[in-house]
Structures are given as structure tokens and as C-alpha cells.
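Good morning, and thank you for coming. Please take a moment to look at the sequence and the structure before I begin.

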Amino acid sequence: MLDEQAKTTILRKIPHALYICGVKDGEEVNGFTASWVMQASFKPPLVVNCVKQDSKSHAMIEASGVFSLSFLEDGQKEMAQKFFKPQRRVGNKFEDVEFYEGETGCPIISDSLGYVECRVVGSVPQGDHTVFVGEVIAAGVHRDGEILSLESTGWNYGG
Ligand SMILES: Cc1cc2nc3c(=O)[nH]c(=O)nc-3n(C[C@H](O)[C@H](O)[C@H](O)COP(=O)(O)O)c2cc1C
């Protein structure tokens with residue numbers, strides 16, 4: 001029998017940073033606060049990005065096959081707070097956020113440490129999230145700084 005409490009306590013010790021995953025579908029752009037992200041290969045450069053199946057962004061990644069990750073800086077908790085709200089409830093999250101479109105067409109947050117853009121090369125649709133494997137096809141650095149850690153926000157996503 002799985003010890004539910006132990007599972008939650010120990011899984012929440014996995015360290016995470018916070019990103020805004022930028023997505024698009026045709027002309028439409030959207031984004032969400034992401035934490036279940038890590039590098040998965042050097043050559044080719046791959047990252048994994050685990051995306052909630054009932055989110056708007058999930059449908060948009062499935063449709064377009066691309067996503068971006070903007071790396072938030074320590075102190076940008078408000079930005080993370082804005083993007084964890086679902087688009088179907090709050091509408092266009094980019095309305096008052098400065099961004100530009102990268103070569104994939106995905107939105108990149110101007111006020112961030114930098115970004116990667118990915119093309120989806122695989123996906124594992126198990127459980128309530130899909131593990132998207134993305135090949136990094138573009139990257140940029142906006143400025144130097146420390147990344148916003150999940151721990152520093154006092155929030156939890158996981159367990
Ligand atoms: C701290 C934190 C971390 C999160 N990490 C992820 C994540 O890694 N993957 C994910 O799909 N959703 C994650 N979410 C939830 C999404 O941000 C949330 O479902 C969002 O509303 C989806 O937006 P959309 O429906 O407009 O696509 C996280 C939320 C919080 C508060």
C-alpha cells in the first residue's frame with residue numbers, strides 16, 4: 001500500500017524553478033506558470049515539460065507542436081501568479097505583459113532571464129499530465145540573475 005503522506009512529503013522535496021511556458025495555436029497565444037521542467041539530453045538538446053491535460057495550453061501544444069519557456073528571475077512571483085490562472089477564467093494573460101514572438105511564434109516574456117524555444121519530438125500522455133519532450137531549437141539570454149525557485153514562493157506544486 002502506498003503511504004500517501006510519505007509520498008507527498010518526499011516528492012515535495014524535489015527542487016523546482018518557475019517558468020512561463022508560452023504556447024500558440026495559429027494567431028492565438030497563451031502561457032502558464034510551469035515548474036515540472038528539466039533538461040533531458042545534451043545532444044540533441046532536449047527538455048521535458050509536464051503539462052496538465054485539462055489546461056488550455058495543453059490543447060494548444062498538441063495543436064502547434066511547439067512551446068517556449070521563459071525563465072523567471074528571483075522576485076518575479078507576481079508574474080508567476082498572473083500566469084497560473086486559467087485562460088478560460090481570466091482571458092488574455094498577455095494583455096498587460098510585454099512579450100515578443102520567437103521563431104516558433106510562441107510568446108517570450110521580455111522581462112525574464114532568458115528563454116528556450118522547443119519543438120515537440122515526443123510525448124507521454126500518462127496520468128493527469130502529459131510529458132512533452134521538446135528539442136531546443138532556439139535560446140536567448142536577456143540578463144544575468146538567479147532563477148525564481150518554487151521554494152522561495154512558499155507555494156507547492158507536486159506531491
Ligand atoms: C507553483 C505552480 C506550478 C505549476 N506548475 C505547473 C506545471 O509544471 N505544469 C502544468 O501543466 N501546470 C502547472 N501549474 C498550473 C498551471 O499554471 C495552471 O493550470 C494554469 O491555469 C494553466 O493555464 P491555461 O489553462 O491558460 O493553459 C502550476 C501552478 C502553480 C501555482
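What lies 2.8 Å from a backbone N or O atom of Q87? The partner is an oxygen atom of the ligand. Please keep in mind throughout that this is a predicted model.

Let me stay with the ligand. Around it there are 22 residues, and those that come nearest are K52, S57, F84, Q87 and K93. Besides Q87, K93 also approaches an oxygen atom of the ligand, with a polar side-chain atom at 2.8 Å. A nitrogen atom of the ligand, in turn, is 2.9 Å from a polar backbone atom of C50. On its own, the ligand has 650 Å² of accessible area, and the protein covers 94% of this.

Which elements supply this shell? At least two residues each come from β2, β4 and α2. The largest share, four residues, is that of β2.

I turn now to the strands, and in particular to β9, which spans residues 129–141. Strand β9 runs antiparallel to β4, residues 46–52, and seven bridges join the two. Within this pairing, V48 has V133 in β9 as its bridge partner. Strand β9 also pairs with β8, residues 114–124, again in the antiparallel sense, over 10 bridges. Here G114 is bridged to V141 of β9. Between β8 and β9 the hairpin has four residues, and in this hairpin G127 takes a positive phi near 70 degrees.

Let us look at one residue of β9, namely T130. Is T130 buried or exposed? Its relative accessible area is 2%, which is under the 20% cut-off, and therefore T130 counts as buried. The side chain of T130 takes part in two polar contacts that I wish to mention: one of 2.7 Å with the side chain of H58, and one of 3.1 Å with the side chain of Q53. Beyond its neighbours within four places in sequence, T130 is in contact with several residues, among them N49, C50 and V51, and also S123, V124 and P125.

For comparison, consider G145, which lies in the loop between β9 and α5, residues 150–153. Its relative accessible area is 35%; because this value falls between 20% and 50%, G145 is classed as partly exposed. Leaving aside the neighbours within four places in sequence, G145 is in contact with E73 and L113. G145 and G114 are 31 residues apart along the chain, and their C-alpha atoms are separated by 9.9 Å.

Finally, the interior. As a general point, nonpolar side chains tend to be buried together in soluble globular proteins. In this model the largest nonpolar core has 17 residues, and those with the most contacts inside it are C21, V23, V47, I61, F67, L69 and C118. The elements giving two or more residues to this core are β1, β2, β4, α2, β5, β8 and β9. Strand β1, residues 19–25, provides the largest share, with three residues. As an example, C21 is in contact with residues including F32, A34, I61, F67 and L69, its neighbours within four places in sequence being left aside. There is also a second, separate core of 12 residues, which includes A80, F94, V97 and I109.

To close, I return to two elements: β2 and β4 each supply at least two residues of the shell around the ligand, and both also give two or more residues to the largest nonpolar core. Thank you for your attention.

Conventions
Residues numbered from 1 in each chain as written. Predicted model: local features only at pLDDT ≥ 70, side-chain atom pairs only at ≥ 80, totals over all residues. Heavy atoms only, no water. Pairing = 2+ DSSP bridges. Buried < 20%, exposed > 50% of the residue type's maximum accessible area, 1.4 Å probe, protein only. Contact = heavy atoms within 4.5 Å. Core = buried A, V, L, I, M, F, W, Y, C linked by side-chain atoms within 4.5 Å. Near = heavy atom within 4 Å. Polar contact = N/O pair within 3.5 Å; in protein donor to acceptor, adjacent residues only side chain to side chain. Areas by Shrake-Rupley, 256 points an atom, 1.4 Å probe, with all protein chains shown as cover.
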